[in-house]
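Take a ligand and ask what surrounds it. Work through each exercise before reading its solution.

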Amino acid sequence: MSKVMIVGASGQLGHELQRLLNEQNIAFDALTEKELDITDLDAVKAKVTELQPAVLYDCAPYTAVDKAEDEGKTLNWLVNVDGTKNLAQVAAEQGVKLVYVSTDYIFDGTNKGGSVKNLV
Ligand SMILES: NC(=O)c1ccc[n+]([C@@H]2O[C@H](COP(=O)([O-])OP(=O)(O)OC[C@H]3O[C@@H](n4cnc5c(N)ncnc54)[C@H](OP(=O)(O)O)[C@@H]3O)[C@@H](O)[C@H]2O)c1
């Protein structure tokens, strides 16, 4: 059983995270959207219950920022609000640490506190 679970594993962040975990010989379960859709609360509950991770990395956002306030608004809300809420709820219920990576659209990178050394 691995301690780390990744959702949205086929995206850019998901790929990079898997590379870092492999570099550090840390076992993980990486799930693509086909394997776990974070907007499906029952599926999220079932998968977290099955895998029992210590840490859950959310790499599964809606990222089409240019469409997020018009034609993509409904999907944006479904994935980024409801999907993230599903992960937060299940993580809280099951005592799992949830990691959500933000963006320089919000934070400009001047915070020196971050580190990619402690992944678990
Ligand atoms: N990439 C960067 O340079 C960068 C920089 C700073 C911050 N970030 C942050 O990192 C996060 C990830 O960004 P990214 O660049 O990795 O995005 P990305 O390449 O667009 O990957 C997003 C992933 O989420 C998956 N996904 C979408 N809806 C899903 C759902 N309902 N259930 C499960 N998976 C779903 C996508 O799967 P499909 O492709 O199958 O739809 C895709 O694999 C974002 O919050 C972003 O703001 C990224």
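The exercises below use a predicted model and go from the ligand to its pocket.

**Exercise 1.** Find which residues come nearest to the ligand, and sort the shell by class.

Solution. Step one: take the shell, which has 19 residues around the ligand. Step two: pick those that come nearest; they are Gln12, Leu13, Glu33, Thr63 and Ser102. Step three: sort the shell by class. It divides into nine nonpolar, eight polar and two charged residues.

**Exercise 2.** Find polar atoms of Ser10, Asp37 and Cys59 that pair with ligand atoms.

Solution. The cut-off for a polar contact is 3.5 Å between N or O atoms. Start with Ser10: a polar side-chain atom lies 3.0 Å from a ligand oxygen. Next, Asp37 has a polar side-chain atom 2.9 Å from a ligand nitrogen. Last, Cys59 uses a polar backbone atom, 3.4 Å from an oxygen of the ligand. Now turn to area: the ligand taken alone exposes 900 Å², and the protein buries 68% of that.

**Exercise 3.** Describe the pocket that the ligand takes up, and its lining.

Solution. First, place the ligand: its space is the largest pocket. Second, give the volume of this pocket, about 880 Å³. Third, list the lining. It has 28 residues, with Pro61, Tyr62, Thr63, Asn80 and Tyr100 nearest the pocket centre. Helix H1 (12–23) and helix H3 (73–94) are the elements that give two or more residues to this lining. Finally, sort the lining by class: 15 nonpolar, ten polar and three charged residues.

How values were computed. Residues are numbered from 1 along each chain as its sequence is written. This is a predicted model: local features need pLDDT of at least 70, side-chain atom pairs count only at pLDDT 80 or more; totals for chains, interfaces and linings use all residues. Side-chain values use heavy atoms; hydrogens and water are left out. A residue is near a molecule or strand if one of its heavy atoms lies within 4 Å of it. A polar contact is a pair of N or O atoms within 3.5 Å; within protein, one must be able to donate a hydrogen and the other to accept it, and residues adjacent in sequence count only if both atoms are side-chain atoms. Accessible areas come from the Shrake-Rupley method with a 1.4 Å probe; for residues, only the protein chains shown count as cover. On a 1 Å grid over the protein atoms alone, a cavity is a set of points where a 1.4 Å probe fits but cannot get out, and a pocket is an open set with protein on both sides within 12 Å along at least five of seven lines; lining residues have an atom within 4 Å of a point. A molecule sits in a cavity or pocket if more than half of its atoms lie within 2 Å of its grid points. Ala, Val, Leu, Ile, Met, Phe, Trp, Tyr, Cys and Pro count as nonpolar, Asp, Glu, Lys and Arg as charged, and the others, Gly among them, as polar. Grid points are joined across faces, edges and corners, and a volume is the space filled by probe spheres set on the points. Helices (H or I, at least four residues) and strands (E, at least two) are DSSP runs, numbered from the N terminus.
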